[in-house]
Amino acid sequence: MNRKYISEKADRLHKNCRVILLSNVKALVIGDHDTYDVIKLSYRWSCNCQWGRYKSHWTDCSHVVAVRKALKDPASQAPVARLAEIIHDALHSANERRSA
């Protein structure tokens, strides 16, 4: 996987709102094949994808690059935050109906 491909894939993940920032040091990335945990450990980012486990010493995987892009663009999180609000409201509404 070359750097250009990693960057293009990271752009796609970021633009399609597939990065969920949990904090400034932890995120979930909905990849093409699975959902990955991306965590900042001290000064380096770590990902539990195959690339992250075996080749992260060489270069960052697309999931780490996508998280870095999301951290630089907080507005990209708005759709995810709105989705969480919609789910919360729906669950709250369903619970009210059950107790009535």
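Reader: What covers the buried residues of α3 in this predicted model?

Author: The buried residues of helix α3 are Ser62, His63, Val64, Ala66, Val67 and Ala70. The helix spans residues 62–72 and lies across four strands. The elements that cover its buried residues include α1 (3–15), β1, β2, β3 and β4.

Reader: At about what angle does α3 run to β4?

Author: Helix α3 lies across β1, β2 (26–30), β3 and β4. Its direction is given here relative to β4, and the angle is about 125 degrees.

Reader: In what order do the strands of the sheet stand?

Author: The sheet is open, has four strands and pairs them antiparallel. β2 and β3 are joined over five bridges, while four bridges join β3 to β4. The order is β1-β2-β3-β4.

Reader: Why is one side of β1 and of β4 left without a neighbour in the sheet?

Author: The sheet is open, with the order β1-β2-β3-β4. β1 (19–21) and β4 (44–47) therefore stand at its edges, and what each of them has is a single partner strand.

Reader: How many degrees does the twist average from one strand to the next?

Author: The sheet has four strands in antiparallel pairing. Going from one strand to the next, the twist averages 20 degrees.

Reader: How many residues lie between β2 and β3 in their hairpin?

Author: β2 and β3 pair in the antiparallel sense, and Val29 has Tyr36 of β3 as its bridge partner. The two strands form a hairpin, and the number of residues between them is four.

Reader: Which residue in the turn between β3 and β4 has a positive phi?

Author: β3 covers residues 35–41 and runs antiparallel to β4. Leu41 stands opposite Arg44 in β4, and Val38 has Cys47 in β4 as its bridge partner. The hairpin has two residues between its strands, and the one with a positive phi, about 60 degrees, is Ser42.

Reader: Is Thr59 buried or exposed?

Author: Thr59 lies in the loop between α2 (50–55) and α3. Its relative accessible area is 11%. A residue counts as buried under 20%, so Thr59 is buried.

Reader: With which side chain does the side chain of Thr59 make a polar contact?

Author: Leaving aside neighbours within four places in sequence, Thr59 is in contact with Arg3, Ile6 and Trp51. The polar contact of its side chain has a distance of 3.3 Å, and the partner is the side chain of Arg3.

Definitions and conventions
Residues numbered from 1 in each chain as written. Predicted model: local features only at pLDDT ≥ 70, side-chain atom pairs only at ≥ 80, totals over all residues. Heavy atoms only, no water. Pairing = 2+ DSSP bridges. Axes fitted to C-alpha atoms, helices over the stretch in contact; angles between N-to-C directions. Contact = heavy atoms within 4.5 Å. Buried < 20%, exposed > 50% of the residue type's maximum accessible area, 1.4 Å probe, protein only. Polar contact = N/O pair within 3.5 Å; in protein donor to acceptor, adjacent residues only side chain to side chain.
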